[in-house]
Amino acid sequence: MSSIQLCYIHFSASFSGVSAFPAPNICYNHTSGRKCRSGRKDLLAASSSKVFGESLAFPEQCVNRTCANAGARMVLAKDDLKLSASKIKGVLRGKLNKVVLAYSGGLDTSVIVPWLRENYDCEVVCFTADVGQGVGELQGLEAKAKASGASQLVVKDLKEEFVKDYIFPCVRAGAVYERKYLLGTSMARPVIAKAMVDICMEIGADAVSHGCTGKGNDQVRFELAFFALNPRLTVVAPWREWDIRGREDAIEYAKKHNVTVPVTKNSIYSRDRNLWHISHEGDILEDPANEPLKDMYVMTVNPEEAPDRPEYVEIGIERGIPISINGKTMSPATLLAELNEIGGRHGIGRVDMVENRLVGMKSRGVYETPGGTIVTSALRELESLTLDREAMQLKDTLAIKYAELVYAGRWFDPLRKSLDAFMEKLTETSTGSVTLKLFKGAVNVSSRKSPFSLYRQDISSFEEGSGIYNQADAVGFIRLYGLPIRVRAMQEQGL
């Protein structure tokens, strides 16, 4: 006699922290009469959802013959929704009330809207942050979002907050990842995530969602911010759940759900733009041996085609924070936008690098950061006047850790905040002005001034006349400073 294999599926889930199911159903093995429970060794299979942690337990055999051809059943107590086991792949993955989706209007986020509604039976509120990606990126988004099935689109202008509270602290800290990367995308994710959490509180949403892939850094950056700011929120990451495996699948899904998406063959690069930078990845850049095409660049002109006359720009800095250009005080976002224009026309701030992603792989990216390169250079030159040797060396050492934390999505980590407090204290005297010479992609300093300068011309001059420094004092200093070297040499030579 053939055994009858399946009777009930036990489905255990938690929605908004409330357990939805009692203990597992008891099943009986038809051939042996043994009782079995979910999670025991005689289960055929068990699977778990990546979002909710449901357990689907399949008893090996069951006494109820009538269920052999009927498939399995599970009951979602919260919504009294009965689902057939033969359709598990196409049923709801869970029930959410309202989801705030980080929305760009591109192919990925456009198809995420109907996918969330289809798989979580929820209202979708799209959120777009204006972090300086350009006016054209925001046009028509509301109509597009609603056409995709969203109930509304919320747009927030975060440019000033982004520059003041995220970019400038990183500039002050001297944060640069792996010697080159000025953290443009890394700094933008926490300000966007924070705004999403605020929206959730305002509208009563119980979940957030993003369009980051499972291979990149941004999924980590968004979700660590969500965890830090509101650990009660459910996070839905469709790229880690759905069956869509690429661009063509996404286009097909969009057509099936009557979602109009902009698809052009010319969009060969994956780009991220904000007020600080623009990044380029994909296509020929995936081979590190390939030189970027000249027409790829967006924010900067080809240095070879930049003006034949240099331009001088004076950056005013107060306590490690840029405040003015050529004597004119500006808001943080306005100042950065102006420097992007100035630096861009001189081909300033191009970086081509292979970096180590947080998720373990290496990736090649090309970045344009014209204004950021200018302010970073200016502060570094000013600090040559205002920081002594020990302070500068320690700042440079801690800046590496600061950059790693920001890159890894740990903006709201207490360690990053503590390092920031140190940087703020250390740069209290980093006030003054720096004039830079911009010419065909190069940034060179031409002038540094500070009321807190530690540089003393009367001491440093070859015509020293301050009476503070006596050259004869160097004899004793050198003898003491070089004593360990001298002792080692004596030991090695048997003296």
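A residue is called buried here when its relative accessible area is under 20%. By that yardstick, 46% of the 495 residues of this protein count as buried. Please keep in mind as you look around that this is a predicted model. The tour below starts with the whole chain, moves to one four-stranded sheet, and ends with two residues worth a click in your viewer.

**The protein as a whole**
- The protein contains 13 helices and 23 strands.
- Its accessible surface comes to about 26,000 Å², and carbon and sulfur atoms account for 51% of that.
- If you take the contacts between residues at least 6 apart in sequence, 71% of them join residues at least 24 apart.

**A four-stranded sheet**
- Strands E15, E16, E21 and E20 form an open sheet in the order E15-E16-E21-E20, with antiparallel pairing.
- Strand E15 (270-273) and strand E20 (350-356) stand at the edges with a single partner strand each, so one side of each has no neighbour in the sheet.
- From one strand to the next, the twist averages 25 degrees.
- As a general reminder, strands of a sheet pair through backbone hydrogen bonds, in either a parallel or an antiparallel way.

**Inside that sheet, pair by pair**
- E15 and strand E16 (residues 278-281) run antiparallel and are joined by four bridges.
- The connection from E15 to E16 is a hairpin through four residues.
- To find this pairing on screen, look for Arg271, which stands opposite His280 in E16.
- Another handy marker is Arg273, whose bridge partner in E16 is Ile278.
- E16 also pairs with strand E21 (residues 362-368), in the antiparallel sense and over three bridges.
- Ile278 turns up again here, with Glu368 as its bridge partner in E21.

**A buried residue: Thr109**
- Thr109 is part of helix H1, which covers residues 107-120.
- Its relative accessibility is 6%, and because the cut-off for buried is under 20%, Thr109 counts as buried.
- Setting aside neighbours within four places in sequence, Thr109 is in contact with Leu101, Ala102, Tyr103 and Ser104.

**An exposed residue: Tyr481**
- Tyr481 belongs to helix H12, which covers residues 474-481.
- With a relative accessible area of 64%, Tyr481 is exposed, because exposed means over 50%.
- Together with Phe477 and Ile478, Tyr481 makes a nonpolar surface patch of about 400 Å².

Definitions and conventions. Residues are numbered from 1 along each chain as its sequence is written. This is a predicted model: local features need pLDDT of at least 70, side-chain atom pairs count only at pLDDT 80 or more; totals for chains, interfaces and linings use all residues. Side-chain values use heavy atoms; hydrogens and water are left out. Helices (H or I, at least four residues) and strands (E, at least two) are DSSP runs, numbered from the N terminus. Buried means under 20% relative accessible area, exposed over 50%, partly exposed in between (1.4 Å probe, protein chains only). Contact means heavy atoms within 4.5 Å. Patches are made of residues with over 30% relative accessible area and no salt bridge: like charges are joined within 9 Å, nonpolar side chains (Val, Leu, Ile, Met, Phe, Trp, Tyr) within 5 Å. Accessible areas come from the Shrake-Rupley method with a 1.4 Å probe; for residues, only the protein chains shown count as cover. A salt bridge is a side-chain nitrogen of Lys or Arg within 4 Å of a carboxyl oxygen of Asp or Glu. Two strands pair if DSSP finds at least two bridges between them. Axes are lines fitted to C-alpha atoms, for helices over the stretch in contact, and angles run from 0 to 180 degrees between N-to-C directions.
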